[in-house]
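I opened the model and kept notes as I went. Here are the entries.

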Amino acid sequence: MVNKSLVLTLLAVLTLAGCKAPTAPVTDDTLVTSEVNGVKLVHRNAVAAPGEFTPVNENFRALYAASVMTTPDYSGKIVRYLDNAKSFEVLGRVEHSWLAIADEPNGQLIGYIPPKAGVESSRYDATVRSDRPRPRRSKQVCVAVGGASKACRTNDTATWILD
């Protein structure tokens, strides 16, 4: 009797020892690693791996409150928004010249932004300064109106003024 119970116990232990624990389900927040053009990228499962990748690894600043997308085009979902003038790291350029970005140097890929949404931090001040609208000088058109008098008008109005 003892031998039968010992054999059954050993059989149960051996059967259960061959079972594997169930793996955790993959969610949008599960971290995955992708290798593109020889570069390993760590990103959330919700963020698609790029088809092509050219490393940049520079600090950029946002030119406007850009949407960070899950794919390098406007068909993806919005992950978050960049704050205007906020610094971020550009890991590289991907298809359609979009920028693959991270919060820290060589960090986790958080998503993609359009190519004109950011500029290198060293060029930020000059870019913002050159983008400001410049006041236009209005030209005057004057014609002589007999003697020393003249009539003038500016290009932005149709009103003539006599001098």
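In which loop is threonine 159 found? I find threonine 159 in the loop between strand E11 (150–154) and strand E12 (161–162). Helices (H or I, at least four residues) and strands (E, at least two) are DSSP runs, numbered from the N terminus.

Before going on, I note that this is a predicted model, in which local features need pLDDT of at least 70, side-chain atom pairs count only at pLDDT 80 or more, and totals for chains, interfaces and linings use all residues. Residues are numbered from 1 along each chain as its sequence is written, and side-chain values use heavy atoms, with hydrogens and water left out.

**Threonine 159.** I looked up its accessibility. Threonine 159 is exposed, because its relative accessible area is 51% (buried is under 20%, exposed over 50%, partly exposed in between, with a 1.4 Å probe and protein chains only). Leaving aside neighbours within four places in sequence, threonine 159 is in contact with Cys152 and Arg153 (contact means heavy atoms within 4.5 Å). I also took a distance to tyrosine 81: 48 Å, C-alpha to C-alpha, with the two positions 78 residues apart in sequence.

**Disulfide.** I searched for cysteine pairs with sulfur atoms within 2.5 Å. The count comes to one disulfide. It joins cysteine 142 to cysteine 152, S to S 2.1 Å. Cysteine 142 is in strand E10 (residues 140–144) and cysteine 152 in strand E11, ten residues apart. The torsion about the S-S bond is about 110°, so the disulfide is right-handed. Cysteine 152 is buried at 7% relative accessible area, whereas cysteine 142 is partly exposed at 37%.

**Nonpolar patch.** Valine 143 also caught my eye; it lies in strand E10. Valine 143 is partly exposed, at 38% relative accessibility. It belongs to a nonpolar surface patch with Val141, Val145, Trp160 and Leu162, with about 440 Å² of accessible area together. For patches, residues need over 30% relative accessible area and no salt bridge; like charges are joined within 9 Å, nonpolar side chains (Val, Leu, Ile, Met, Phe, Trp, Tyr) within 5 Å. Accessible areas come from the Shrake-Rupley method with a 1.4 Å probe; for residues, only the protein chains shown count as cover.

**Salt bridges.** How many salt bridges does a search of the whole structure find? I get three, taking a side-chain nitrogen of Lys or Arg within 4 Å of a carboxyl oxygen of Asp or Glu.

- Arginine 44 pairs with aspartate 29, closest N and O atoms 3.0 Å apart. Arginine 44 lies in strand E2 (residues 39–44) and aspartate 29 in the loop between helix H1 (2–17) and strand E1 (31–36), so the pair ties together parts 15 residues apart in sequence. Aspartate 29 is exposed at 56%.
- Arginine 80 pairs with aspartate 103, closest N and O atoms 3.1 Å apart. Arginine 80 is in strand E5, and aspartate 103 is in the loop between strand E7 (99–102) and strand E8 (111–113), 23 residues away.
- Glutamate 120 pairs with arginine 123, closest N and O atoms 2.8 Å apart. Glutamate 120 is buried at 18%, while arginine 123 is partly exposed at 45%.

**Threonine 71.** Last lookup. Threonine 71 sits in the loop between strand E4 (67–69) and strand E5 (78–81). Leaving aside neighbours within four places in sequence, threonine 71 is in contact with Ala48, Gly76, Trp98 and Tyr112. A polar atom of the threonine 71 side chain lies 3.2 Å from the backbone nitrogen of glycine 76.

Methods. A polar contact is a pair of N or O atoms within 3.5 Å; within protein, one must be able to donate a hydrogen and the other to accept it, and residues adjacent in sequence count only if both atoms are side-chain atoms.
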